[in-house]
Amino acid sequence: MQNSPNRKDYSRLPKTGREEALILVKALPHVGQRHGETVCCAGVTRNGEWRRQYPIHFRRLRDEGQFKRWQWIEYDWIAPGNDDRRRESRRVQEDTIQVGKSISKTERAAFLAPLITRSTAEAMSQGQSLTLVRPIESRFHWKAKTERQIADERQAYESAARQTSFLDQDLAALDPCPYAFHFDWKDANGASHKSTCDDWETAAMFYRREKAVGAKGALAEMSKAFNEQYPQNGMVFALGTHSRRAEQWLLVGVIRLDEQKQAGLAV
């Protein structure tokens, strides 16, 4: 982190503003002592600049402020200060969020193509703490969490749900996902990676399919999606660095994105 251009440039960056970003990532909710239950989001401005929106108390946002992947949002922000000196990071003023339209499927590949790097090493060399990488030879798999892990997560979610002010509505505690999801993959330089998937939408896929076909069927469908359909049709990983460990890249989004068959032509 000490040699990162992020730190070098931070003092010259604006400290407040209002901006618009296309949301690509909503990471799994995490519970911390300082902010309670929060979500780290990430997106891209219309100029193609990465933005990290954190912390977002997503489940406490008013209905009209809640957003989905591929939607544009506009918001006021302040710099996070010493807590997070990555140049892409923004502390969003949650009551200013305005949700706009979604980008069409036919626009996505061309819009995001300039953001794809061969590897996280390439992204880091450019001073980035967020990037998209097309994985090669990816393998999706899962592991059942232990009873202790699930109990600890449940306790944390229940504790966060009780941390309300008089302005907050009561909120049901999140139910921990019983599985941890993983990808083994290579980047375009041939480097091998093992990543735990921290993408909220991946966990949400499990819950949606579990209701329809049970846990075993849901896992089988996810295996087909992430081991066959997504790689065949085009898939990118959204990866971001840890706030205190710049060398550690986290898998925060698994995104279906067509390959561009011709420069400047969406497919």
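This is a short tour of the structure, one selection at a time. Keep in mind that the model is predicted.

**Stop 1: a three-stranded sheet**

Select strands 10, 11 and 12. Together they form an open sheet in the order 10-11-12, and the pairing is antiparallel. At the edges you will find strand 10 (136-144) and strand 12 (192-196), each of which pairs on one side only. From one strand to the next, the twist averages 20°.

Now keep strand 10 and strand 11 (residues 179-186) on screen. These two pair in the antiparallel sense over seven bridges. To look at one of the partnerships, show phenylalanine 140 and phenylalanine 183: the latter is the bridge partner of phenylalanine 140 in strand 11.

Add helix 5 (residues 200-233) to your selection. Helix 5 packs on the sheet and touches strand 10 and strand 11. Its direction makes about 160° with that of strand 10.

**Stop 2: a four-stranded sheet**

Next, select strands 8, 9, 13 and 14. They make an open sheet of four strands with the order 8-9-13-14 and mixed pairing. Which strands stand at the edges? They are strand 8 and strand 14; each has a single partner strand, so one side of each is left without a neighbour in the sheet.

Zoom in on strand 13 and strand 14, which pair in the antiparallel sense over seven bridges. Show alanine 238 as well, and you will see glycine 253 of strand 14 standing opposite. Helix 5 appears here again: it lies across strand 13 and strand 14, running at about 85° to strand 14.

**Stop 3: the nonpolar cores**

A general idea helps here: in soluble globular proteins, nonpolar side chains tend to be buried together.

Show the side chains of Phe181, Phe183, Phe206, Phe226, Phe237 and Val254. They belong to the largest nonpolar core, which has 23 residues, and they have the most contacts inside it. Strand 11, helix 5, strand 13 (235-241) and strand 14 (249-256) are the elements that give two or more residues to this core. Which element gives the most? Helix 5 does, with eight residues.

Pick valine 254 to see its surroundings. Leaving out residues up to four places away in sequence, valine 254 touches ten you can click through: Arg69, Phe183, Cys197, Asp199, Thr202, Phe226, Tyr230, Met235, Val236 and Phe237. Apart from this core lies another, of 19 residues, among them Val25, Val44, Leu130 and Ala238.

**Stop 4: aromatic pairs**

A search of the whole structure finds 14 aromatic pairs. Start with phenylalanine 183 and phenylalanine 226, an edge-to-face pair with 5.7 Å centre to centre and 75° between the planes. Phenylalanine 183 lies in strand 11 and phenylalanine 226 in helix 5, so the pair ties together parts that are 43 residues apart in sequence. Are these two rings on buried or exposed residues? Phenylalanine 183 is buried, with a relative accessible area of 0%, and phenylalanine 226 is buried too, at 2%.

Move on to tryptophan 185 and phenylalanine 237. This aromatic pair is also edge-to-face, with 5.4 Å centre to centre and 85° between the planes. The pair links distant parts of the chain, with tryptophan 185 in strand 11 and phenylalanine 237 in strand 13, 52 residues apart. Both tryptophan 185 and phenylalanine 237 are buried.

For a wider view, select Phe140, Trp142, Tyr179, Phe181, Phe183, Trp185, Phe206, Tyr207, Phe226, Tyr230 and Phe237. Ring pairs link these residues into a cluster.

**Stop 5: helix 2**

Select helix 2 (residues 105-112) and colour its buried residues: Arg108, Ala109 and Leu112. Look down the helix axis: these buried residues fall within an arc of 95°, so they line one face of the helix. An α-helix has 3.6 residues a turn, so residues three or four places apart point the same way. The buried residues of helix 2 pack against strand 1 (16-26), strand 3 (36-44), strand 8 (116-117) and strand 9 (130-133).

**Stop 6: proline 29**

Finish at proline 29, in the loop between strand 1 and strand 2 (30-32). Proline 29 is buried, with a relative accessible area of 4%. Beyond residues up to four places away in sequence, proline 29 touches Glu37, Thr38, Val39, Tyr157, Leu174 and Trp200. To compare with the previous stop, draw a line between the C-alpha atoms of proline 29 and alanine 109: they are 27 Å apart in space and 80 residues apart in sequence.

Technical notes:
Residues are numbered from 1 along each chain as its sequence is written. This is a predicted model: local features need pLDDT of at least 70, side-chain atom pairs count only at pLDDT 80 or more; totals for chains, interfaces and linings use all residues. Side-chain values use heavy atoms; hydrogens and water are left out. Buried means under 20% relative accessible area, exposed over 50%, partly exposed in between (1.4 Å probe, protein chains only). The arc is that of the directions from the helix axis to the C-beta atoms. Contact means heavy atoms within 4.5 Å. Two strands pair if DSSP finds at least two bridges between them. Axes are lines fitted to C-alpha atoms, for helices over the stretch in contact, and angles run from 0 to 180 degrees between N-to-C directions. A nonpolar core is a set of buried Ala, Val, Leu, Ile, Met, Phe, Trp, Tyr and Cys residues joined through side-chain atoms within 4.5 Å. Rings of Phe, Tyr and Trp (its six-membered ring) pair if their centres lie within 6.5 Å; planes under 30 degrees apart count as stacked, over 60 as edge-to-face and the rest as tilted.
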